[in-house]
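User: Please take a close look at the nonpolar surface and how it compares in character with the enclosed spaces and charged pairs. Walk me through it in one go.

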Amino acid sequence: MSPTTAIPSYREQSPEVAARFERLRQREVTLEVRRLGKVFDSSRGRVTALEDVSFSVHHREFTCVIGPSGCGKSTLVRILAGLETKTSGEVLVNGESVSGPGPDRGMVFQGYTLFPWLSVKQNVMFGLRMSRHSEFAAEREAREWIALVGLSKFENAYPHQLSGGMKQRVAIARALANQPRVLFMDEPFGALDAQTRGQMQSYLLDIWKNVDITIVFITHDLDEAVFLSDRILVLDANPGRFREMVEVPVPRPRSMEQMFDPTFLAARKHIESLIHPPAKDGGESREAPVMRLAKPDPDVV
Amino acid sequence: MAAPSILSGWFRVRQDLGHHRRLLLTLLSFLFPLVLWCVVSYVPWIWHPDVKIEVAAEREDVTTVFTAGDHVSKEYFPTYQEAVREENRGVLAAREAGESEGGFKRKNQKLLRQLAPVLIENGWLPYEEAQNDEAIYHLWRDLAAGTKVAESPELSDENLEIVRRNWEVMSALSPDFSFRQLPDTRLLKLVPQGKPANPAYLPAPGEVIKTGWRDFTATPANEAATMKERYLESLGVIFRGFLWACVIGVPIGILCGTYDVFARLFEPFTDFFRYMPAPTFSTLLVAVLAADDAPKIALVFIGTLPHMVLMIAKTTRLLDPALLEAAQTLGANSRQMVTRVVIPGILPNLYNDLRILLGWAWTWLVIAELIGVKSGLTEFIETQGRFRNFDRVFPIIILIGVTGFVTDQVLAWLHGLLFPWEGKSGRMSRAVAAVVTWPARIVAEGARERVASAEAEREARAKLTKAEAS
């Protein structure tokens, strides 16, 4: 119980962090979402997935979207990417209203979605070829993006020959090759093991540092959200509603060691309390029901 | 005691066996039916309810005529033999009594030919010369003199005796065949000879191979088609029918799987149409397209098309929709989604669908060849089946089976060659792919280098002009 007392408020920002947020706020708004709503009409009736969600993301900001399951975070990002239609509201990219998918908004999916019949290089070239780049120019650019994600050795491999983490790096390179304004990532590391996920998070921050890209990242992993983001959009469930936009007080550049910083823990604790509000009856009962087969052991507690 | 390792591990739920065991079982799965067939055919005390006639005899006043190769029941055969012996006793009795009833030249000529099947089987007389009386006459002489001894089939002692006796009579008149010089009185008939056999519908493997070889190599008389021509004709019909079905069916199937509008437009009727058996259209097709190959090709086409459309539509729908979404976020328009994602994405499965459909097309082929003017391999099966020459039918059935199987195996192997990204290709097909695509890769490499150098040069020049300008 003693560490909790040592944790400062998540609102306390060091002067450098506060100054950085001030500068970020001065930047142009890359993505703006106004009163977005989504209603699914199913045979069992109308289900409101999203209601009145508004927020904005500044240029080159890293924003995570987090919330309890069923809060519609995937629906939100699919609408933003244009894969789902919205029922109400407006989505603006660089001030222009968008609907439907377009190369200005890239997307990285949880399930990799690499084209299995194309080699790594051809996968990365896909978007470039769509926009009528010449084969040669596309190939040259693709090589650079592949080098950026560190897969030059594998440029001629087929996706089935790659590990999960490598596949997701190719997917990131493929999305970035189109040079979109915003990159949406829908739980991209959800299917990876913990170790690979940690590596991929560092990789992603490195890439973000080097590339002019604004990232909106969906996750259900608190540590991932706090580690990666500048700000975290917390959604409520049933229906999905805007809860809070949390500014992460952890200074940059980030590293894994910061996971135990007071600022990190503060942000994490606050978001956890938003997602899993403490039980109202004053602490849930921890006693397991006494079963006939229960066998207590003083060393096993 | 632990079971020896060779016996353990054959029955494990949902576990693959080792490579060697799999190979062994594959061989066994072919060997087992073959061995069963051989056992039933060659072990005389198993089954064998018939006698296959090797030497046949015509009887006086009996209209039922058996020829060599015919089957009679085991029970009836002794009666048949006895009847002929009885006739011979009559001939001998008449000869002893000095009666010389004449006018048997024609019958005696036929009687000489009784020996022909034995002569052919022993390899002394070509198959086509079963009525070459000169040759047969000399072979009677050789057998009587003992300079030739029949081995397979053998002549029974009884029949050998008859051959000698007859030759005595014949040689007294003429050393060579001449119709005029044939004895005018009755000769002795060879007593029917036979061996235990299974019913005609199950010829022994040896017979099948032998007749099959003969049929495949023979040039039939009166300008009938050779087996090779029939085979090519059948292949032509199935190939053209299937090709037309592909030309129409593959695009429609892909459209149905891609666009709901086409699915609703085509699929309900196709679904209905496939329940109308294709052969029911045969007379209609013959009426519309007249005889020749056209109605046959059309039947294969009609039989294959509906299944093809529905199967390919389903395959297309199985494509992971996330790939289409990914393509959309990468800026693909709807045409590019079809040409760059749907088509390459379904190709491996589409290919497998076509393999299955090609197997079905063979079924339609057999029916197709029976409509209008019968043709191809099926016509041969039909005709020979009617004469109960099943030993000539089996080779054709096996030929069709082997053709289908080999085609499918080759296509399956090509799958690995054509679609290396599936990760199922073996080392062999990868090596072949590498060799086959080598020239193309060299050319592409060269072109890429040329383009690269041209591009680099252009950039350098642009930089230079910029520098000059500044």
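Analyst: Start with B:Leu34. Its relative accessible area is 41%, so it counts as partly exposed. This is a predicted model, and the value is computed from it. B:Leu34 sits in helix H1 of chain B, which covers residues 19–42. A patch residue needs over 30% relative accessible area, and B:Leu34 passes because it has 41%.

B:Leu34 is one of the residues that make a nonpolar surface patch of about 1,200 Å². Leucines in this patch include B:Leu24, B:Leu25, B:Leu27, B:Leu28 and B:Leu31. B:Val35 and B:Val39 also belong to the patch. So do B:Trp45, B:Ile46 and B:Trp47. B:Tyr201 contributes as well.

Now the open space. The second largest pocket holds about 1,300 Å³. Its lining counts 40 residues. Nearest the pocket centre lie A:Ser119, A:Gln122, A:Asn156, A:Tyr158 and B:Arg441. Both chains also give helices to this lining. From chain A, helices H4 (120–130) and H5 (135–148) each supply at least two residues. From chain B, helices H13 (334–368), H15 (390–418), H16 (427–436) and H17 (438–469) each do so too. The largest share is that of H17(B), with six residues. The lining is mixed by class: 18 nonpolar, 11 polar and 11 charged residues.

Two of those helices frame a loop. B:Thr437 lies in the loop between H16 and H17 of chain B. At 35% relative accessible area, B:Thr437 is partly exposed, because this value falls between the 20% and 50% limits. B:Arg448 follows 11 residues away along the chain, and the C-alpha atoms of B:Thr437 and B:Arg448 are 16 Å apart.

Next, the enclosed spaces. The structure holds two cavities of 30 Å³ or more. The second largest cavity contains about 40 Å³. It is lined by residues of chain A, among them A:Glu187, A:Phe189, A:Gly190, A:Arg197 and A:Ile218. A:Thr219, A:His220, A:Asp221 and A:Glu224 are also in that lining. By class, this lining has two nonpolar, three polar and four charged residues.

The largest cavity contains about 80 Å³. Its lining comes from chain B and includes B:Glu60, B:Glu87, B:Asn88, B:Val91, B:Phe104 and B:Lys107. B:Asn108, B:Leu111, B:Arg186, B:Leu187 and B:Lys189 line it too. Helix H2 (77–96) and helix H3 (105–113) of chain B are the elements that give it two or more residues. Its classes are four nonpolar, two polar and five charged.

That brings in the charged pairs. The count over all chains is 49 salt bridges. One of them joins A:Glu51 to A:Arg241, with the closest N and O atoms 3.3 Å apart. A:Glu51 lies in strand S2 (45–58) and A:Arg241 in strand S10 (240–247) of chain A, so the pair ties together parts that are 190 residues apart in sequence. Both partners are partly exposed: A:Glu51 has a relative accessible area of 32%, and A:Arg241 has 38%.

Chain B has a pair of this kind as well. B:Lys110 forms a salt bridge with B:Glu58, with 3.9 Å between the closest N and O atoms. B:Lys110 lies in helix H3, and B:Glu58 in the loop between strand S1 (50–55) and strand S2 (71–73), so this pair ties together parts that are 52 residues apart in sequence. B:Glu58 is partly exposed, at 39% relative accessible area.

Helix H2 of chain B carries a local pair. B:Arg85 and B:Glu82 form a salt bridge, the closest N and O atoms being 3.1 Å apart. They lie three residues apart in H2, about one turn of the helix. B:Arg85 counts as partly exposed at 22% relative accessibility. B:Glu82 counts as partly exposed at 35%.

Elsewhere, salt bridges that share partners join B:Glu60, B:Glu87, B:Lys107, B:Arg186 and B:Lys189 into one network. These residues return us to the largest cavity, whose lining includes B:Glu60, B:Glu87, B:Lys107, B:Arg186 and B:Lys189. Charged residues in that lining number five. B:Leu34, where we began, belongs instead to the nonpolar surface patch.

Note on methods
Residues are numbered from 1 along each chain as its sequence is written. Chains are lettered from A and ligands numbered from 1 in the order in which they are written. This is a predicted model: local features need pLDDT of at least 70, side-chain atom pairs count only at pLDDT 80 or more; totals for chains, interfaces and linings use all residues. Side-chain values use heavy atoms; hydrogens and water are left out. Patches are made of residues with over 30% relative accessible area and no salt bridge: like charges are joined within 9 Å, nonpolar side chains (Val, Leu, Ile, Met, Phe, Trp, Tyr) within 5 Å. Accessible areas come from the Shrake-Rupley method with a 1.4 Å probe; for residues, only the protein chains shown count as cover. A salt bridge is a side-chain nitrogen of Lys or Arg within 4 Å of a carboxyl oxygen of Asp or Glu. Helices (H or I, at least four residues) and strands (E, at least two) are DSSP runs, numbered from the N terminus. Buried means under 20% relative accessible area, exposed over 50%, partly exposed in between (1.4 Å probe, protein chains only). On a 1 Å grid over the protein atoms alone, a cavity is a set of points where a 1.4 Å probe fits but cannot get out, and a pocket is an open set with protein on both sides within 12 Å along at least five of seven lines; lining residues have an atom within 4 Å of a point. Grid points are joined across faces, edges and corners, and a volume is the space filled by probe spheres set on the points. Ala, Val, Leu, Ile, Met, Phe, Trp, Tyr, Cys and Pro count as nonpolar, Asp, Glu, Lys and Arg as charged, and the others, Gly among them, as polar.
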